[in-house]
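Here are a few notes to read alongside the model. I hope they help you find your way around.

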Amino acid sequence: MTVKLKPMARVDELSVEEIRKRYLDKDEPISAQILNRLQRDPRQGVRKLYASLKKRFERQRDERLRLDAMRHFEIVLWKSGVRDIAGVDEVGVAPLAGPVVAAAVMFVPDTAIAGVDDSKKLDAETRQALAAEIRAKASGVAIGMASVEEIDQVNIYHAGLLAMRRAVEGLPRTPQHLLVDARTVPGITCPQNAFNKGDGINFTIAAASIVAKVARDAMMEALDREYPGYGFASHKGYPTPEHRAAFMKLGPCPLHRMSFPVIHEMLGEYSPAFYTLRTQLFSAGDGASLKALEALLEAQADQLAEQECKKLRLIIARRWKLVV
(Lines give C-alpha, C1' and ligand atoms only; values in the text may rest on other atoms or scores of the structure.)
Protein backbone atom coordinates (compact mmCIF):
# COMPACT_ATOMS: atom_id res chain seq x y z
CA MET A 1 0.00 0.00 0.00
CA THR A 2 1.34 3.41 -0.93
CA VAL A 3 1.35 5.94 1.88
CA LYS A 4 0.81 9.51 0.81
CA LEU A 5 2.90 11.98 2.75
CA LYS A 6 1.14 15.03 4.03
CA PRO A 7 2.66 18.12 2.41
CA MET A 8 4.59 20.37 4.79
CA ALA A 9 2.55 23.39 5.80
CA ARG A 10 3.67 26.73 4.45
CA VAL A 11 5.20 29.00 7.03
CA ASP A 12 2.28 31.43 6.85
CA GLU A 13 -0.07 28.55 7.69
CA LEU A 14 1.72 27.82 10.97
CA SER A 15 0.85 29.34 14.32
CA VAL A 16 3.21 31.84 15.90
CA GLU A 17 4.27 29.21 18.45
CA GLU A 18 4.93 26.63 15.70
CA ILE A 19 7.12 29.12 13.84
CA ARG A 20 9.00 29.89 17.04
CA LYS A 21 9.64 26.22 17.82
CA ARG A 22 10.69 25.31 14.28
CA TYR A 23 12.94 28.24 13.39
CA LEU A 24 14.12 29.58 16.74
CA ASP A 25 14.06 26.70 19.22
CA LYS A 26 15.03 23.95 16.74
CA ASP A 27 17.17 26.33 14.67
CA GLU A 28 15.93 24.91 11.33
CA PRO A 29 17.52 26.55 8.27
CA ILE A 30 15.65 29.58 7.03
CA SER A 31 15.63 30.53 3.35
CA ALA A 32 15.09 33.89 1.69
CA GLN A 33 11.69 32.60 0.48
CA ILE A 34 10.56 31.75 4.02
CA LEU A 35 11.83 35.09 5.25
CA ASN A 36 9.80 36.89 2.56
CA ARG A 37 6.63 35.05 3.62
CA LEU A 38 7.22 36.00 7.24
CA GLN A 39 7.75 39.61 6.26
CA ARG A 40 4.34 39.72 4.56
CA ASP A 41 2.55 38.00 7.47
CA PRO A 42 0.28 40.57 9.21
CA ARG A 43 0.36 38.88 12.64
CA GLN A 44 2.15 40.95 15.30
CA GLY A 45 3.83 37.91 16.86
CA VAL A 46 5.20 36.88 13.48
CA ARG A 47 6.54 40.40 12.88
CA LYS A 48 8.63 40.10 16.06
CA LEU A 49 9.89 36.67 15.04
CA TYR A 50 10.71 38.01 11.58
CA ALA A 51 13.05 40.64 13.05
CA SER A 52 15.03 37.98 14.99
CA LEU A 53 15.10 35.51 12.11
CA LYS A 54 16.19 38.21 9.64
CA LYS A 55 19.24 38.97 11.80
CA ARG A 56 20.08 35.27 12.01
CA PHE A 57 19.63 34.86 8.26
CA GLU A 58 21.97 37.79 7.59
CA ARG A 59 24.61 36.45 10.01
CA GLN A 60 24.48 33.02 8.35
CA ARG A 61 24.62 34.57 4.88
CA ASP A 62 27.64 36.69 5.83
CA GLU A 63 29.36 33.64 7.33
CA ARG A 64 28.74 31.64 4.12
CA LEU A 65 30.25 34.46 2.06
CA ARG A 66 33.25 34.66 4.42
CA LEU A 67 33.83 30.91 4.24
CA ASP A 68 33.51 30.92 0.45
CA ALA A 69 36.19 33.61 0.30
CA MET A 70 38.43 31.62 2.67
CA ARG A 71 37.93 28.44 0.61
CA HIS A 72 38.52 30.13 -2.75
CA PHE A 73 41.87 28.44 -3.45
CA GLU A 74 40.60 25.06 -2.28
CA ILE A 75 37.48 25.35 -4.47
CA VAL A 76 39.65 26.05 -7.52
CA LEU A 77 41.79 22.99 -6.79
CA TRP A 78 38.78 20.78 -6.01
CA LYS A 79 37.17 21.73 -9.34
CA SER A 80 40.40 20.85 -11.14
CA GLY A 81 40.27 17.32 -9.67
CA VAL A 82 42.71 17.76 -6.77
CA ARG A 83 41.07 16.12 -3.75
CA ASP A 84 43.69 15.77 -1.03
CA ILE A 85 44.56 19.37 -0.15
CA ALA A 86 46.39 19.79 3.14
CA GLY A 87 46.67 22.99 5.13
CA VAL A 88 49.54 23.25 7.62
CA ASP A 89 50.35 25.79 10.32
CA GLU A 90 52.46 25.97 13.46
CA VAL A 91 52.00 27.59 16.87
CA GLY A 92 54.44 28.36 19.63
CA VAL A 93 57.15 30.44 17.93
CA ALA A 94 57.01 33.35 20.40
CA PRO A 95 56.94 31.50 23.77
CA LEU A 96 60.06 31.32 25.92
CA ALA A 97 59.30 27.73 26.89
CA GLY A 98 57.81 24.53 25.50
CA PRO A 99 57.80 22.84 22.09
CA VAL A 100 56.71 24.31 18.79
CA VAL A 101 53.70 22.40 17.44
CA ALA A 102 52.24 22.11 13.94
CA ALA A 103 49.07 20.55 12.53
CA ALA A 104 48.22 19.36 9.04
CA VAL A 105 44.57 19.00 8.03
CA MET A 106 42.83 17.66 4.92
CA PHE A 107 39.11 17.83 4.05
CA VAL A 108 36.95 16.09 1.47
CA PRO A 109 35.87 18.50 -1.31
CA ASP A 110 33.23 21.11 -0.46
CA THR A 111 33.67 20.84 3.33
CA ALA A 112 32.73 24.03 5.18
CA ILE A 113 32.75 24.58 8.95
CA ALA A 114 31.15 27.75 10.29
CA GLY A 115 33.38 29.81 12.55
CA VAL A 116 36.76 28.56 11.30
CA ASP A 117 39.22 31.47 11.46
CA ASP A 118 42.71 32.37 12.60
CA SER A 119 43.08 30.63 15.99
CA LYS A 120 44.40 33.87 17.55
CA LYS A 121 41.01 35.52 16.94
CA LEU A 122 39.09 32.83 18.84
CA ASP A 123 38.66 32.25 22.55
CA ALA A 124 39.70 28.95 24.12
CA GLU A 125 36.17 27.53 24.34
CA THR A 126 35.46 28.26 20.68
CA ARG A 127 38.78 26.76 19.60
CA GLN A 128 38.05 23.58 21.56
CA ALA A 129 34.63 23.17 19.93
CA LEU A 130 35.95 23.90 16.43
CA ALA A 131 38.93 21.57 16.85
CA ALA A 132 36.55 18.72 17.70
CA GLU A 133 34.38 19.49 14.66
CA ILE A 134 37.43 19.80 12.39
CA ARG A 135 38.73 16.42 13.52
CA ALA A 136 35.28 14.87 13.00
CA LYS A 137 34.90 16.23 9.45
CA ALA A 138 38.51 16.06 8.24
CA SER A 139 39.74 13.29 5.96
CA GLY A 140 43.12 13.50 7.66
CA VAL A 141 44.65 15.22 10.70
CA ALA A 142 48.20 14.97 12.05
CA ILE A 143 50.29 16.75 14.68
CA GLY A 144 54.02 17.43 14.36
CA MET A 145 56.32 18.77 17.05
CA ALA A 146 59.86 20.04 17.52
CA SER A 147 61.25 19.78 21.04
CA VAL A 148 62.93 22.47 23.13
CA GLU A 149 66.26 20.72 22.48
CA GLU A 150 65.69 20.91 18.73
CA ILE A 151 64.67 24.57 18.97
CA ASP A 152 67.96 25.34 20.75
CA GLN A 153 69.94 23.29 18.21
CA VAL A 154 68.54 24.59 14.90
CA ASN A 155 66.76 27.86 15.98
CA ILE A 156 63.04 28.50 16.24
CA TYR A 157 62.45 29.21 12.55
CA HIS A 158 63.87 25.90 11.36
CA ALA A 159 62.26 24.06 14.28
CA GLY A 160 58.88 25.39 13.11
CA LEU A 161 59.55 24.04 9.61
CA LEU A 162 60.58 20.70 11.11
CA ALA A 163 57.33 20.49 13.07
CA MET A 164 55.31 21.30 9.93
CA ARG A 165 57.11 18.67 7.88
CA ARG A 166 56.46 16.07 10.56
CA ALA A 167 52.77 17.01 10.61
CA VAL A 168 52.44 16.62 6.83
CA GLU A 169 54.32 13.31 6.90
CA GLY A 170 51.96 12.08 9.62
CA LEU A 171 48.84 12.41 7.47
CA PRO A 172 47.12 9.13 6.50
CA ARG A 173 47.70 9.93 2.79
CA THR A 174 50.30 12.01 1.00
CA PRO A 175 48.58 15.27 0.04
CA GLN A 176 48.34 16.27 -3.60
CA HIS A 177 48.72 19.94 -2.73
CA LEU A 178 49.92 21.81 0.35
CA LEU A 179 48.75 25.21 1.60
CA VAL A 180 51.13 26.84 4.09
CA ASP A 181 51.13 29.95 6.26
CA ALA A 182 53.86 32.26 4.89
CA ARG A 183 56.57 29.72 4.11
CA THR A 184 57.54 26.61 2.16
CA VAL A 185 57.96 23.31 3.99
CA PRO A 186 61.26 21.59 3.06
CA GLY A 187 61.35 17.89 2.18
CA ILE A 188 57.77 17.82 0.81
CA THR A 189 57.46 16.79 -2.84
CA CYS A 190 53.89 17.88 -3.61
CA PRO A 191 53.14 21.40 -4.95
CA GLN A 192 52.92 24.08 -2.28
CA ASN A 193 51.41 27.54 -2.03
CA ALA A 194 52.43 29.97 0.73
CA PHE A 195 49.95 32.60 1.90
CA ASN A 196 50.99 35.62 3.95
CA LYS A 197 48.83 35.57 7.09
CA GLY A 198 47.29 32.42 5.65
CA ASP A 199 45.68 31.40 8.94
CA GLY A 200 43.38 34.42 8.60
CA ILE A 201 42.52 34.16 4.89
CA ASN A 202 42.60 30.46 4.02
CA PHE A 203 40.12 27.89 5.35
CA THR A 204 42.36 24.81 5.52
CA ILE A 205 45.32 26.68 7.01
CA ALA A 206 43.00 28.28 9.59
CA ALA A 207 41.66 24.84 10.52
CA ALA A 208 45.24 23.62 10.98
CA SER A 209 46.03 26.63 13.18
CA ILE A 210 43.07 25.81 15.44
CA VAL A 211 44.02 22.14 15.80
CA ALA A 212 47.68 23.04 16.46
CA LYS A 213 46.79 25.66 19.07
CA VAL A 214 44.45 23.34 20.97
CA ALA A 215 47.04 20.54 20.89
CA ARG A 216 49.87 22.76 22.14
CA ASP A 217 47.74 24.30 24.88
CA ALA A 218 46.91 20.80 26.13
CA MET A 219 50.62 19.91 26.13
CA MET A 220 51.50 23.01 28.16
CA GLU A 221 48.72 22.30 30.65
CA ALA A 222 50.14 18.79 31.15
CA LEU A 223 53.69 20.16 31.46
CA ASP A 224 52.49 22.61 34.11
CA ARG A 225 51.87 19.63 36.40
CA GLU A 226 55.39 18.39 35.71
CA TYR A 227 57.00 21.80 36.29
CA PRO A 228 54.76 23.59 38.82
CA GLY A 229 55.19 27.19 39.83
CA TYR A 230 55.79 28.74 36.42
CA GLY A 231 52.14 29.06 35.40
CA PHE A 232 52.49 27.20 32.10
CA ALA A 233 48.81 26.17 32.19
CA SER A 234 47.73 29.82 32.00
CA HIS A 235 50.34 31.59 29.84
CA LYS A 236 51.44 28.54 27.81
CA GLY A 237 55.08 29.67 27.91
CA TYR A 238 54.55 33.12 26.40
CA PRO A 239 56.59 36.00 27.90
CA THR A 240 53.83 37.42 30.11
CA PRO A 241 54.60 39.38 33.30
CA GLU A 242 53.44 36.32 35.27
CA HIS A 243 55.92 34.09 33.44
CA ARG A 244 58.78 36.57 33.77
CA ALA A 245 58.15 36.94 37.51
CA ALA A 246 58.13 33.16 38.01
CA PHE A 247 61.32 32.81 35.96
CA MET A 248 63.10 35.47 38.03
CA LYS A 249 62.04 33.68 41.22
CA LEU A 250 62.64 30.04 40.19
CA GLY A 251 65.20 30.32 37.40
CA PRO A 252 65.02 28.28 34.18
CA CYS A 253 63.61 24.77 33.91
CA PRO A 254 64.15 22.16 31.16
CA LEU A 255 61.23 23.65 29.20
CA HIS A 256 62.91 27.02 28.71
CA ARG A 257 64.50 27.79 25.34
CA MET A 258 68.02 28.68 26.42
CA SER A 259 68.96 29.84 22.90
CA PHE A 260 66.54 32.79 23.18
CA PRO A 261 68.44 36.04 23.97
CA VAL A 262 65.69 37.23 26.32
CA ILE A 263 66.41 34.24 28.59
CA HIS A 264 70.01 35.39 29.01
CA GLU A 265 68.81 38.95 29.53
CA MET A 266 66.54 37.80 32.39
CA LEU A 267 69.39 35.76 33.86
CA GLY A 268 71.48 38.94 34.15
CA GLU A 269 74.10 37.78 31.64
CA TYR A 270 74.16 41.01 29.61
CA SER A 271 76.68 43.78 30.28
CA PRO A 272 76.20 46.29 33.14
CA ALA A 273 75.96 49.09 30.55
CA PHE A 274 72.97 47.35 28.96
CA TYR A 275 71.00 47.15 32.20
CA THR A 276 71.85 50.76 33.10
CA LEU A 277 70.60 52.02 29.74
CA ARG A 278 67.53 49.81 29.90
CA THR A 279 66.56 51.20 33.32
CA GLN A 280 67.04 54.76 32.08
CA LEU A 281 64.93 54.10 28.98
CA PHE A 282 62.02 52.69 30.98
CA SER A 283 62.04 55.77 33.22
CA ALA A 284 62.28 58.28 30.34
CA GLY A 285 59.01 60.19 30.21
CA ASP A 286 59.46 62.68 27.41
CA GLY A 287 60.93 63.06 23.95
CA ALA A 288 63.95 65.07 25.07
CA SER A 289 65.01 62.34 27.53
CA LEU A 290 64.55 59.63 24.90
CA LYS A 291 66.54 61.60 22.32
CA ALA A 292 69.42 62.02 24.78
CA LEU A 293 69.40 58.30 25.63
CA GLU A 294 69.24 57.43 21.95
CA ALA A 295 72.40 59.49 21.40
CA LEU A 296 74.04 57.85 24.43
CA LEU A 297 73.29 54.40 23.03
CA GLU A 298 74.89 55.24 19.70
CA ALA A 299 77.93 56.63 21.51
CA GLN A 300 78.31 53.40 23.53
CA ALA A 301 77.35 51.01 20.72
CA ASP A 302 80.92 49.76 20.28
CA GLN A 303 80.97 48.67 23.94
CA LEU A 304 77.74 46.67 23.67
CA ALA A 305 77.07 43.31 22.05
CA GLU A 306 75.03 43.33 18.86
CA GLN A 307 72.07 41.68 20.59
CA GLU A 308 72.20 44.25 23.38
CA CYS A 309 72.10 47.14 20.89
CA LYS A 310 69.24 45.49 19.01
CA LYS A 311 67.17 45.09 22.19
CA LEU A 312 67.83 48.65 23.37
CA ARG A 313 66.86 50.10 19.99
CA LEU A 314 63.64 48.08 20.13
CA ILE A 315 62.89 49.53 23.58
CA ILE A 316 63.54 53.04 22.25
CA ALA A 317 61.17 52.50 19.33
CA ARG A 318 58.44 51.33 21.68
CA ARG A 319 59.03 54.20 24.11
CA TRP A 320 58.73 56.75 21.29
CA LYS A 321 55.23 55.46 20.58
CA LEU A 322 54.29 56.14 24.20
CA VAL A 323 55.69 59.67 24.53
CA VAL A 324 54.82 61.10 21.11
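Is I156 buried or exposed?

1. I156 is buried, because its relative accessible area is 18% (buried means under 20% relative accessible area and exposed over 50%, with partly exposed in between, using a 1.4 Å probe and protein chains only). This is a predicted model in which local features need pLDDT of at least 70 and side-chain atom pairs count only at pLDDT 80 or more, while totals for chains, interfaces and linings use all residues. Residues are numbered from 1 along each chain as its sequence is written, and side-chain values use heavy atoms, with hydrogens and water left out.

2. I156 belongs to helix α7 (helices are DSSP runs of H or I with at least four residues, strands are E runs of at least two, and both are numbered from the N terminus). Beyond its neighbours within four places in sequence, I156 is in contact (heavy atoms within 4.5 Å) with G92, V93, V100, I151, R257 and F260.

3. Now the interior: the largest nonpolar core has 29 residues, and V88, V100, M164, L178, V185 and F260 have the most contacts inside it. Such a core is a set of buried Ala, Val, Leu, Ile, Met, Phe, Trp, Tyr and Cys residues joined through side-chain atoms within 4.5 Å. Its largest share, 8 residues, comes from α7.

4. Please look at α15 too, which covers residues 306–323. Its buried residues include L312, I315 and I316, and what covers the buried residues includes α12, α13 and α14. On the other side of α15, E306, K310, R318 and K321 are exposed.

Note on methods. Expected span 1.5 Å × (residues − 1).
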